[in-house]
Amino acid sequence: VIDIRKLYANTGAFTYDPGFTSTASCESKITFIDGDQGVLLHRGYPIDQLAEQSNFMEVSYLLLNGELPSKSELEQFSNHITRHTMVHEQLAQFYRGFRRDAHPMAVMCGVVGALSAFYHDSTDISDPHQRLVASHRLIAKIPTIAAMAYKYSVGQPFVYPKNNLSYTGNFLNMTFSVPAEEYEIDPVVEAAMDKIFILHADHEQNASTSTVRLAGSSGANPFACIAAGIACLWGPAHGGANEAALNMLREIGHIDRIPEYIARAKNKDDPFRLMGFGHRVYKNYDPRAKVLGKAATEVLNKLGKQDPILDVARKLEEIALTDPYFIEKKLYPNVDFYSGVILSAIGFPTTMFTVLFALARTVGWVAQWNEMIADPEQKIGRPRQLYTGAAQRDYVPLAQR
Ligand code: ACO
């Protein structure tokens with residue numbers, strides 16, 4: 001029997017908060033969330049206004065710099081990003097080391113981490129200019145790397161970035177164009193994709209952002225820190241939920257089968273959860289899900305596509321919002337619930353969904369990493385633990401065990 005009080009007699013006091021449900025790990029000026037009211041602000045601007053009126057480049061500038069850019073500032077920023085979209089030819093060799101059926105998130109973890117081996121001139125984190133260049137490189141190269149992961153998985157040649165396209169248009173072109181035919185970027189698809197990027201750009205101290213901060217707090221290479229964020233994002237309780245949510249909607253398949261799944265979600269003996277529902281912070285409607293729910297109908301209508309899973313999603317939401325279990329536990333659709341419907345209509349396989357989330361979140365990770373490194377109070381992140389193992393005892397030689 002362990003006497004915890006004895007073990008902790010001389011360690012001083014600290015809080016025990018599994019899952020950090022009520023612990024702030026830092027101060028930040030970037031993003032504000034009021035989970036009870038369903039409010040999300042970036043640098044003070046409501047997410048729905050940014051999604052409806054801004055674009056991803058502008059939001060990226062805002063997250064990084066704190067203010068909306070002037071016309072010339074935006075132009076200059078876009079030029080910097082465009083200049084860094086190419087990746088070293090040797091990086092392309094990394095893909096060939098992966099099996100073709102590898103999950104693209106596995107490829108992303110490896111290839112983004114490998115960037116740390118290529119850019120030694122932007123890894124002195126004490127130099128603000130080097131931090132800026134590393135930030136631009138990450139934001140610029142992540143669409144190229146993501147598109148290459150897709151191309152590799154489908155066995156098509158990589159497509160080089162085109163500097164005359166928008167950030168989002170360039171990504172679509174690198175993903176969907178093939179040498180044999182002309183690819184035209186559909187403005188409806190470009191606008192929907194840009195909106196999805198804006199909605200995923202930052203979300204304060206979620207698991208992957210906290211991972212990036214924790215990794216960065218040791219002074220680690222910025223490219224390696226972002227690879228750590230990507231690894232964390234992959235989990236189905238976090239970014240991996242968009243893939244899981246669409247797979248679930250497809251598995252349900254028809255509105256007649258919804259009650260069966262609602263019953264499973266409520267059954268404590270069944271580990272099944274309704275993917276795309278619930279959030280650690282939002283105990284009200286996730287404002288990003290509201291924008292995406294509307295956008296899903298618009299995009300499918302504009303593309304002239306009909307997908308029965310949109311009906312399943314709408315009905316599921318309707319039932320869940322009136323069901324006492326979901327009301328009591330404050331479970332509402334989150335950002336991952338409708339994003340998959342749009343991404344699927346655009347033509348992405350489900351395995352790419354979390355990659356797209358990582359692409360958009362890179363700017364948030366980079367902004368948070370910069371904020372942390374620039375903070376004079378910054379310390380290495382080092383949580384404590386509540387030890388519940390064996391009390392001190394003497395080593396027993398092997399022959400006597
Ligand atoms: N379906 C059914 N029940 C649920 C769900 C769900 N999706 N989510 C939570 N619950 C229930 C839990 O069983 C628990 O019930 P209990 O109090 O009787 O034990 C209660 O609601 C609270 O759930 P926790 O897991 O303790 O809440 P937490 O804040 O830790 O988890 C999380 C939040 C991980 C997002 C959770 O709601 C979940 O697993 N959702 C499904 C996955 C998902 O959509 N993740 C994406 C999150 S958004 C993002 O990362 C971008």
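Okay, one bit of vocabulary before anything else: two helices count as roughly parallel when the angle between them is under 35 degrees. Keep that in mind for the first helix pair. And a reminder that what you're looking at is a predicted model.

So, the overall picture. We've got one chain whose secondary structure comes to 18 helices and 3 strands. Its radius of gyration is 23 Å, and the globule rule gives 21 Å for 401 residues, so the chain is as compact as a globular protein of that length. If you line things up along the principal axes, the C-alpha atoms fill a box of roughly 75 × 60 × 50 Å.

Now, the first helix pair. H3, residues 56-65, and H18, residues 353-374, have axes that come within 8 Å and cross at roughly 15°. With the cut-off I started with, H3 and H18 are therefore roughly parallel to each other. The crossing of H3 past H18 is right-handed. Who's making the contact? On the H3 side you have Ser60, Leu63 and Leu64, and on the H18 side Val363, Gly364, Ala367 and Asn370. Sorted by class, that contact has 4 nonpolar and 3 polar residues, with no charged ones.

On to the second pair, H6 and H11. That's residues 104-114 for H6 and 222-233 for H11, packing at an angle of about 170° with the axes 8 Å apart. Anything over 145 degrees counts as roughly antiparallel, and H6 and H11 are therefore roughly antiparallel to each other. The handedness here: H6 passes H11 in a left-handed crossing. From H6 you get Met105, Met108, Cys109, Val112 and Gly113, and they meet Phe223, Ala224, Ile226, Ala227, Ile230 and Ala231 of H11. How do those residues divide by class? The contact of H6 with H11 has 10 nonpolar residues and 1 polar one, and again no charged residue.

Last stop, the ligand. Which residues come nearest to it? There are 19 residues around the ligand, and the nearest are Ala241, Arg273, Phe277, Gly278 and Arg280. Taking the whole shell, the split is 8 nonpolar, 7 polar and 4 charged. So if you've got the model open, have a look at Arg273 and Arg280, which are both in that nearest group.

That's what I had, happy to go back to any of the helices.

Technical notes
Residues numbered from 1 in each chain as written. Predicted model: local features only at pLDDT ≥ 70, side-chain atom pairs only at ≥ 80, totals over all residues. Axes fitted to C-alpha atoms, helices over the stretch in contact; angles between N-to-C directions. Helix = DSSP H or I, 4+ residues; strand = E, 2+ residues; numbered from the N terminus. Parallel < 35°, antiparallel > 145°, perpendicular 65-115°, else oblique. Left-handed = near helix turned anticlockwise from the far one by under 90°. Contact = placed C-beta atoms within 7 Å. Nonpolar A, V, L, I, M, F, W, Y, C, P; charged D, E, K, R; others polar. Near = placed C-beta within 6 Å. Rg over C-alpha atoms; globule rule 2.2 N^0.38 Å.
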